Amino acid sequence: MAQAEPLTAAEAVATAEAEGLTLQRSGNNQSGFRGSQVYPGCPPKPFEARVTRGGTQVSLGSFATAEEAALQYARTPESRQPTTYFVL
């Protein structure tokens, strides 16, 4: 099975818009988006999308741009859940 070409940031934003999805901004991580992490030492795809399912972290894959990782996250049911922050 051939791998799809990575989306540019603009393509990922346009795709999210076309699918009626929102790429959720986050100030809590370096990627700038909810559901994605950045690993700078892992080019060419340093952004990972992940969700928590049943208490377990599940990787949705690695991506070339933060927007592409955020798009993958936005496609999941978990992205529609409210964010809960605990103050310690």
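**Exercise 1.** In what order do the three strands of the open sheet lie, and is the pairing parallel or antiparallel?

*Solution.* The model is a predicted one.
- Step 1. Reading across the open sheet, the strand order is β1-β2-β3, and the pairing is antiparallel.
- Step 2. β1 (36-38) and β3 are the edge strands, since each of them pairs on one side only.
- Step 3. Ignoring direction, neighbouring strands are turned by 30 degrees against each other on average.
- Step 4. α2 packs on this sheet and touches β1, β2 and β3; the direction of α2 makes about 20 degrees with that of β2.

**Exercise 2.** State how many bridges join β2 to β3, and find the residue opposite Phe47.

*Solution.*
- Step 1. In general, strands of a sheet pair through backbone hydrogen bonds, in a parallel or antiparallel manner.
- Step 2. Strand β2 (residues 47-53) runs antiparallel to β3, and seven bridges join the two.
- Step 3. Opposite Phe47 stands Phe63, a residue of β3.

**Exercise 3.** Classify Ser59 as buried, partly exposed or exposed, and describe its surroundings.

*Solution.*
- Step 1. Ser59 is found in β3.
- Step 2. Ser59 has a relative accessible area of 43%. Buried requires under 20% and exposed over 50%, so Ser59 is partly exposed.
- Step 3. With neighbours within four places in sequence left aside, Ser59 is in contact with Glu48, Ala49 and Arg50.
- Step 4. Gly35 is 24 residues from Ser59 along the chain, and the C-alpha atoms of the two are separated by 9.8 Å.

**Exercise 4.** Apply the same cut-offs to Ser79: is this residue buried or exposed?

*Solution.*
- Step 1. Ser79 lies in the segment that follows α2 (66-74).
- Step 2. Its relative accessibility is 7%. The limit for buried is under 20%, therefore Ser79 counts as buried.
- Step 3. Leaving aside neighbours within four places in sequence, the contacts of Ser79 are Gln24, Arg34, Tyr73 and Ala74.

**Exercise 5.** Describe the second largest pocket: what is its volume, and which residues are closest to its centre?

*Solution.*
- Step 1. The volume of the second largest pocket is about 200 Å³.
- Step 2. It is lined by 15 residues, of which Ala4, Glu5, Lys45, Phe63 and Glu68 are the closest to the centre.
- Step 3. Two elements, β3 (56-63) and α2, give two or more residues to the lining. The largest share, four residues, comes from β3.
- Step 4. Sorted by class, the lining has seven nonpolar, four polar and four charged residues.

Key. Residues are numbered from 1 along each chain as its sequence is written. This is a predicted model: local features need pLDDT of at least 70, side-chain atom pairs count only at pLDDT 80 or more; totals for chains, interfaces and linings use all residues. Side-chain values use heavy atoms; hydrogens and water are left out. Buried means under 20% relative accessible area, exposed over 50%, partly exposed in between (1.4 Å probe, protein chains only). Contact means heavy atoms within 4.5 Å. On a 1 Å grid over the protein atoms alone, a cavity is a set of points where a 1.4 Å probe fits but cannot get out, and a pocket is an open set with protein on both sides within 12 Å along at least five of seven lines; lining residues have an atom within 4 Å of a point. Grid points are joined across faces, edges and corners, and a volume is the space filled by probe spheres set on the points. Ala, Val, Leu, Ile, Met, Phe, Trp, Tyr, Cys and Pro count as nonpolar, Asp, Glu, Lys and Arg as charged, and the others, Gly among them, as polar. Two strands pair if DSSP finds at least two bridges between them. Axes are lines fitted to C-alpha atoms, for helices over the stretch in contact, and angles run from 0 to 180 degrees between N-to-C directions.
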